[in-house]
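Hi,

Here is the structure I said I would pass on. Have a look at it first, and my notes follow underneath.

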Amino acid sequence: MKIRARLPRLLAGGVTLGLALSLSACGSGSGGGSSNDGKIHVLVYGDASNKVEKQIVDTFNKTSDVKAVLDTIPGADYQQKLQTIINTPQAPDIFFNWGGGSIQPFVKADLLMPLDDFIKDDPKLKSNFLSNVVESTVVDGKTYGVPMRGTQPVLLFNNKKVLADAGVQPPRTWDDLLGAVKKLKDKGITPIALGAGDQWPTLMWFEYIYDRVAGPDLFRKALSGDKSAWESADSKKALSMLKQLVDAGAFGTKFDSVKYTTGASPALVARGKAGFELMGSWYYAQQQQDAKEFAVKGLGYSSFPAVPGGKGDAADVVGNTNNFYSVLKKTKYPKAAEQFLKLMYSDEFVKAQLAIGNLPTTTNTGQFIDSASASPDYAHYQYDMVKKAPSFQLSWDQAYPPSAGTPMHQAVQQFLDGQIDADGFIKAMQALPTE
């Protein structure tokens, strides 16, 4: 569970590994989108969720003349290996991805099949999924992916006892948050745990504050290539609020030496050393694994606070909308691929994902949560949160091309550390590649 909970987020955040891998690492199959073995190859990120993916492949193969083969690449190697084989005879027919910037280079290289004709044949390939999730795979007006795992919104988690002892409630507004920071500091508690040593956890604070201040349009403009968005008044206000939080001592003084990936920041919350932590929904499973009693009795969660007067809706969400299946244009079996994708909204798929702790983004998920979910209350909270969100903003380091990940993370860290000011951060973001 530890690897499954962490690595998808790390790789999506642009972590690259300099690995020279043999093609035999590609799991159970040796062919791909241009092979002549008479099968479709489905390539997925190798982790615990493969249990469900194998089940769905088996279901597909019971009725399909064209059989599917599930190929896996170990999680830490996935992104690099995919880029290595995507335009070779070993390429898959269907492959796992994060949508957004993770598929843009493949679309630009004309390697992917738009799925609009599939959707025209079967409108449920779009209508049976939450609309704000499917948008993550739309490039230049065309749809290139179908959701295939579970959504991962970012929530503000807390230690309920720590908050109660300090007379603090989960904050509903920005002023509430600042007030909570002061009360927790007065109690000698680090208000907010932050694994800044990993850089990407810090990015979540930027994503939410920018959304609450400026609304989702600022980031959309920046991502489309409008660099002036970063120097807008709203951008500067968001940065001033981030600095206000740091200067108030919200994250303590040693946040750069703390990492989420080592379990250090979640431990601060579980052991009562910190009040809050902003993290993706996988945090709940992480605490269940590392501090089970705390997860059951002491872990609370809420949405990110509103910014009165801001342009963003208080119900907006940021995070990982889902993982997706995309189809290579050169597949010899597009009809088989289309039939396989239809299983992603089936009752069998939904119940199997819920059983391993994932939260599918199908419109029928809600009816199975109580009977099939590992944690019904938490699953309901997430599902309602995502379903009602006017905007679900994809994590910045996923929305941008992979090459933007490292400089983006560096800019975030340097601003939080005071190594660069607002102008320095703005210039760094303006320099990021958008395609």
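In this predicted model, Gly319 sits opposite Leu394 of strand E13. That pair belongs to the match between E11 and E13 (residues 392-394), where the strands run parallel and are linked by three bridges. E11 (residues 317-320) also has a partner in E7 (residues 152-159), and here the two strands are antiparallel and joined by two bridges. If you want a spot to click on for that pairing, try Gln152, which faces Asn320 in E11. So you can look at E11 from two sides of the pairing list: parallel with E13, antiparallel with E7.

Next, the helices. Helix H12 (residues 233-247) turns up in two packings that I looked at, one with H22 and one with H9.

Start with H22 (residues 422-430). Its axis and that of H12 are 10 Å apart, and the angle between the helices is about 125 degrees. Angles of 65 to 115 degrees count as roughly perpendicular and those over 145 as roughly antiparallel, so H12 and H22 come out as oblique to each other. The crossing is right-handed. On the H12 side the contact involves Ser235, Lys236 and Leu239, and these meet Ala422, Phe425 and Ile426 of H22. Sorted by class, that contact has four nonpolar residues, one polar and one charged.

Now H9 (residues 174-186). The axes of H9 and H12 come within 10 Å and cross at roughly 20 degrees. The cut-off for roughly parallel is under 35 degrees, so H9 and H12 are roughly parallel to each other. H9 passes H12 in a right-handed crossing. Here Trp174, Leu177, Leu178 and Val181 from H9 touch Met241, Gln244 and Leu245 from H12. The class count for this contact is six nonpolar, one polar and no charged residues.

Last, the charges. How many salt bridges does the count come to? It comes to 14. One to pull up is Lys54 with Asp58, whose side chains meet at 3.3 Å, N to O. Both residues lie in helix H2 (residues 50-63), four residues apart, which is about one turn of the helix.

If you only have a minute, I would open the H12 contacts: Ser235, Lys236 and Leu239 towards H22, then Met241, Gln244 and Leu245 towards H9.

Cheers

Key: Residues are numbered from 1 along each chain as its sequence is written. This is a predicted model: local features need pLDDT of at least 70, side-chain atom pairs count only at pLDDT 80 or more; totals for chains, interfaces and linings use all residues. Side-chain values use heavy atoms; hydrogens and water are left out. Two strands pair if DSSP finds at least two bridges between them. Axes are lines fitted to C-alpha atoms, for helices over the stretch in contact, and angles run from 0 to 180 degrees between N-to-C directions. A crossing is left-handed if the near helix is turned anticlockwise from the far one by less than a right angle, and right-handed if clockwise. Contact means heavy atoms within 4.5 Å. Ala, Val, Leu, Ile, Met, Phe, Trp, Tyr, Cys and Pro count as nonpolar, Asp, Glu, Lys and Arg as charged, and the others, Gly among them, as polar. A salt bridge is a side-chain nitrogen of Lys or Arg within 4 Å of a carboxyl oxygen of Asp or Glu.
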